[in-house]
Amino acid sequence: IDSELKAYLLGYLVADGCITIEHRKEKPNHPIRRVQFQPSIDDLQVITLMRDSIAPDNKITTVLSKRGNRKDTVKLRLANTYMVKVLMNNYNIYPRKTYDKTFRFPTMDKQFRRHFIRGYMDGDGSFGNRHFSMICNSVLFLGDILSEFKNAIPDLKHYVYEENRSLTTYYSLHFSVNKKSRLDLFNYLYKDCQYRLDRKFNKAWNTVLNSKSKELLSV
């Protein structure tokens, strides 16, 4: 991970991607290794960036929802044995990562960590009035994320919820946004960044910042 783009895409992959290994009867010793994404159609911007950056000739397909209350999804599959091995061996990202309670923050230079976090938030984070949050299935990874934020913004207040979902237990990490931290938080996530999910950025602009903070950013 030696660029903003790679860090951002890895963060999104950790949040919303998965590795699959398909064993074939006709070639049992040559399984197909893939990285796959199927998020809401609202994330098409990031999926297009992923496709264009890694495999421009691959197709992005739209999967129509069979439930009236669910949005359509977009699917991207990247079949590449080398890439999958690098993700597994260097970054401990394995199939069925939803159940991996030992996952930790991937090793990378400090300058790229906030871009990884922004990618992760674009996949598994949300902004609300006076707070923002993200979910993690590994309490160890949650602790790593928390340390990164607290090192950058010591005044940031946080709290943690444990959520028992149908597949596994998740941990929801919430940060309160106050007058002291709001501008530092926005700058940490977005200052001089090249890659972001615009709908999350717009939500952060309208919830994290107040009118005075926006004036300071506009100077």
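## Helix α3 and its two sides

In this predicted model, helix α3 spans residues 81-91 and has Val-84, Leu-87, Met-88 and Tyr-91 as buried residues. Viewed down the axis of α3, these buried residues fall within an arc of 120 degrees, so they line one face of the helix. Tyr-82 and Asn-89, by contrast, lie on the other side of α3 and are exposed.

The buried residues of α3 pack against three elements of the chain, namely α1 (4-16), β1 (17-22) and β2 (32-37).

## The ends of α3

At the N-terminal end of α3, Asn-80 acts as the cap, with a side-chain oxygen placed 3.1 Å from the backbone nitrogen of Tyr-82; Tyr-82 is also one of the exposed residues of this helix. After α3 comes Asn-92, a residue whose phi is positive, with a value near 55 degrees.

## Packing of α1 and α2

Helix α1, against which the buried residues of α3 pack, also packs with helix α2 (residues 44-54), at an angle of about 125 degrees and with the two axes 11 Å apart. Because angles from 65 to 115 degrees count as roughly perpendicular and those over 145 as roughly antiparallel, with the range between them counted as oblique, α1 and α2 are oblique to each other.

The crossing of these two helices is left-handed. On the α1 side, the contact is made by Leu-5, Tyr-8, Leu-9 and Tyr-12, while α2 contributes Val-46, Ile-47, Leu-49, Met-50 and Ser-53.

Terms used. Residues are numbered from 1 along each chain as its sequence is written. This is a predicted model: local features need pLDDT of at least 70, side-chain atom pairs count only at pLDDT 80 or more; totals for chains, interfaces and linings use all residues. Side-chain values use heavy atoms; hydrogens and water are left out. Buried means under 20% relative accessible area, exposed over 50%, partly exposed in between (1.4 Å probe, protein chains only). Helices (H or I, at least four residues) and strands (E, at least two) are DSSP runs, numbered from the N terminus. The arc is that of the directions from the helix axis to the C-beta atoms. Contact means heavy atoms within 4.5 Å. A polar contact is a pair of N or O atoms within 3.5 Å; within protein, one must be able to donate a hydrogen and the other to accept it, and residues adjacent in sequence count only if both atoms are side-chain atoms. Axes are lines fitted to C-alpha atoms, for helices over the stretch in contact, and angles run from 0 to 180 degrees between N-to-C directions. Angles under 35 degrees count as roughly parallel, over 145 as roughly antiparallel, 65 to 115 as roughly perpendicular and the rest as oblique. A crossing is left-handed if the near helix is turned anticlockwise from the far one by less than a right angle, and right-handed if clockwise.
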